[in-house]
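Biologist: Please take one part of this protein and go through it closely. I would like to hear how a single helix sits against its sheet.

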Amino acid sequence: MAKLTTEELLEQFAGLTLVELSEFVKAFEEKFDVTAAAPVAVAGAGGAGAAEEVEEKDSFDVILEAAGDKKIQVIKTVRELTSLGLGEAKAVVDGAPKAVLEGANKETAEKAKAALEEAGATVTLK
């Protein structure tokens, strides 16, 4: 089995939906008996905050601020971006402002923002 580089691994993760990524994280935690949330807690304490700021420039949250007049189109777009079911996607849209994608790379976040805005939604990147 060929060893993947960090860049190749990141490229593979970029293509996953949030649901698929969540399932991967759970499986990774079980296989290696670790918790993915631990580095976040450490990063929030003391001097590690600077490293966290640098990392955030590479990852963006796509926040749905408002659905606008074309709510059904926005729900369809949320489903396409996240692979959520109809009920979950509707809950995201009804609960705006709400994160549609979290920790996405810049390209993915910008594509998602453009798709949601095309559907009629108001979106911000954080």
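Modeller: What follows is a close look at helix H7 and the sheet it lies across.

This is a predicted model, in which local features need pLDDT of at least 70 and side-chain atom pairs count only at pLDDT 80 or more, while totals for chains, interfaces and linings use all residues. Residues are numbered from 1 along each chain as its sequence is written, and side-chain values use heavy atoms, with hydrogens and water left out.

Start with the sheet. It is open and has 3 strands in the order E2-E1-E3, with antiparallel pairing. Strands (E, at least two residues) and helices (H or I, at least four) are DSSP runs, numbered from the N terminus. Two strands pair if DSSP finds at least two bridges between them. Strand E2 (98-104) and strand E3 (122-125) are the edges; each has a single partner strand, so one side of each lacks a neighbour in the sheet. From one strand to the next, the twist averages 20°. E1 (residues 60-66) pairs with E2 in the antiparallel sense over 4 bridges. Valine 62 faces leucine 101 of E2.

Now the helix. H7 (residues 106-118) lies across E1, E2 and E3 and runs at about 165° to E3. Such angles run from 0 to 180 degrees between N-to-C directions; the axes are lines fitted to C-alpha atoms, for helices over the stretch in contact. H7 has 13 residues and spans 18 Å from first C-alpha to last, close to the 18 Å expected at 1.5 Å a residue. That expected span is 1.5 Å times one less than the number of residues.

Which residues of H7 are buried? They are Ala109, Ala112 and Leu116. Viewed down the axis of H7, the buried residues fall within an arc of 65°, so they line one face of the helix. The arc is that of the directions from the helix axis to the C-beta atoms. Buried means under 20% relative accessible area, exposed over 50%, and partly exposed in between (1.4 Å probe, protein chains only). These buried residues pack against E1, E2, E3 and helix H5 (71-82), with contact meaning heavy atoms within 4.5 Å. The face turned away from the buried side carries exposed Glu107, Lys111 and Glu118.

Last, the ends. Asparagine 105 caps the N-terminal end of H7, with a side-chain oxygen 3.3 Å from the backbone nitrogen of glutamate 107. Just after H7, glycine 120 takes a positive phi of about 110°.

Technical notes
A polar contact is a pair of N or O atoms within 3.5 Å; within protein, one must be able to donate a hydrogen and the other to accept it, and residues adjacent in sequence count only if both atoms are side-chain atoms.
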